[in-house]
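Student: Please take a close look at one spot in this chain, and then place that spot in the chain as a whole. Keep the terms defined as you go.

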Amino acid sequence: MTGFSITDTAEPWVVLVPQGDPEVQRQLSDLQAKGGRVHHLDSGALTTERGVYDSFARALRFPGYFGHNWDAMVDCLDDLCGAVTGGVGVAVVVRDADRLLAAEHFPLFVSVLCQGADRANSATDLDGCPLDRPAVAEHFVLEFRDFDLESIALRVRQPDLTVTVGDGFVGVALDPDEWH
């Protein structure tokens with residue numbers, strides 16, 4: 001399986017894969033070997049919007065003023081501290097993501113992850129000015145027990161996202177015509 005890299009600052013930002021995929025495991029190990037961090041979240045806690053906010057805030061050490069809403073989550077994902085990223089990169093892995101497919105917020109959740117990662121993986125701000133920090137590799141891996149490539153791709157497809165179906169994975173990034 002090729003077509004995505006969790007260890008660098010290239011899209012796709014969200015990768016949906018079968019649980020235990022060996023290529024994903026190899027890339028996560030490579031990220032950690034470079035000094036990056038891997039965080040695991042329980043999909044059961046992400047079935048509500050509140051659960052998403054609380055789980056991400058706890059795991060990724062969002063600041064105390066985090067507003068517990070989607071926009072605030074994008075801002076916090078864009079500005080993770082070095083302790084969370086190792087100054088190199090971060091991958092958040094959600095196992096048993098099957099539980100999330102039926103959640104009403106699932107497509108928005110994936111879009112928010114892409115928005116935050118798109119910003120974090122860039123060395124410039126939204127106006128194209130250089131940031132005072134380097135780009136940090138930030139990716140999200142959703143692992144599925146029952147991996148039906150086409151139905152998962154259909155569930156995440158929306159106008160502001162580019163959904164790529166590869167050999168054994170679905171990759172998601174922001175649609176540049178909508179966002180850039």
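Tutor: Asp167 is in the loop that links β5 (161–165) to β6 (170–174). Helices and strands here are DSSP runs (H or I over at least four residues for a helix, E over at least two for a strand), numbered from the N terminus. This is a predicted model, in which local features need pLDDT of at least 70 and side-chain atom pairs count only at pLDDT 80 or more, while totals for chains, interfaces and linings use all residues. Residues are numbered from 1 along each chain as its sequence is written, and side-chain values use heavy atoms, with hydrogens and water left out.

Asp167 has a relative accessible area of 60%, so it is exposed. The classes are buried (under 20% relative accessible area), exposed (over 50%) and partly exposed (in between), with a 1.4 Å probe and protein chains only. The C-alpha atoms of Asp167 and Leu149 are 9.3 Å apart, with their positions 18 residues apart in sequence. A similar description can be given for Asp177, which belongs to helix α7 (residues 176–179). Its relative accessibility is 72%, and therefore Asp177 counts as exposed. Asp177 and Asp160 are 17 residues apart in sequence, with 8.3 Å from C-alpha to C-alpha.

Strand β6 covers residues 170–174, and Val172 is one of the residues with the most contacts inside the largest nonpolar core. That core has 45 residues, and Leu16, Phe56, Phe62, Met73 and Phe109 are also among those with the most contacts inside it. A nonpolar core is a set of buried Ala, Val, Leu, Ile, Met, Phe, Trp, Tyr and Cys residues joined through side-chain atoms within 4.5 Å. Helix α5 (residues 106–120) gives the most to this core, namely seven residues. A second, separate core has twelve residues, including Phe4, Leu28, Leu31 and Val38.

Leaving out residues up to four places away in sequence, Val172 touches Pro12, Trp13, Val14, Leu16, Val110, Cys114, Val156, Leu161, Thr162 and Val163. Contact means heavy atoms within 4.5 Å. Of these partners, Pro12 is in the segment before β1 (14–18), and the bond that joins Glu11 to Pro12 is a cis peptide bond with omega of about 15°.

Met73 leads to helix α3 (residues 70–78), where seven of the nine residues are buried, so the helix is largely enclosed by the rest of the structure. Its buried residues are Trp70, Ala72, Met73, Val74, Cys76, Leu77 and Asp78. Their cover includes α2 (49–59), α5 and β4 (137–144). His68 is in the loop between α2 and α3. The phi of His68 is near 50°, a positive value in a residue other than glycine. With 29% relative accessibility, His68 counts as partly exposed.

The loop between β3 (89–95) and α5 holds Asp96. Asp96 is not a glycine, yet has a positive phi of about 55°. At 18% relative accessibility, Asp96 counts as buried. Leu101 is also placed in the loop between β3 and α5. Leu101, at 22% relative accessibility, counts as partly exposed. Its contacts, leaving aside neighbours within four places in sequence, are Phe106, Phe144, Ile152 and Arg155. Leu101 and Ser151 are 50 residues apart in sequence and 9.8 Å apart in space, C-alpha to C-alpha.

Now the whole chain. It contains seven helices and six strands, and from the N terminus the elements run β-α-β-α-α-α-β-α-β-α-β-β-α. The radius of gyration is 15 Å, close to the 16 Å that the globule rule gives for 180 residues, so the chain is as compact as a globular protein of that length. That radius is taken over C-alpha atoms, and the rule is 2.2 Å times the number of residues to the power 0.38. The C-alpha atoms fill a box of roughly 40 × 30 × 30 Å along the principal axes. Buried residues make up 50% of the 180 residues. Among contacts with a separation of 6 or more, 63% join residues 24 or more positions apart.
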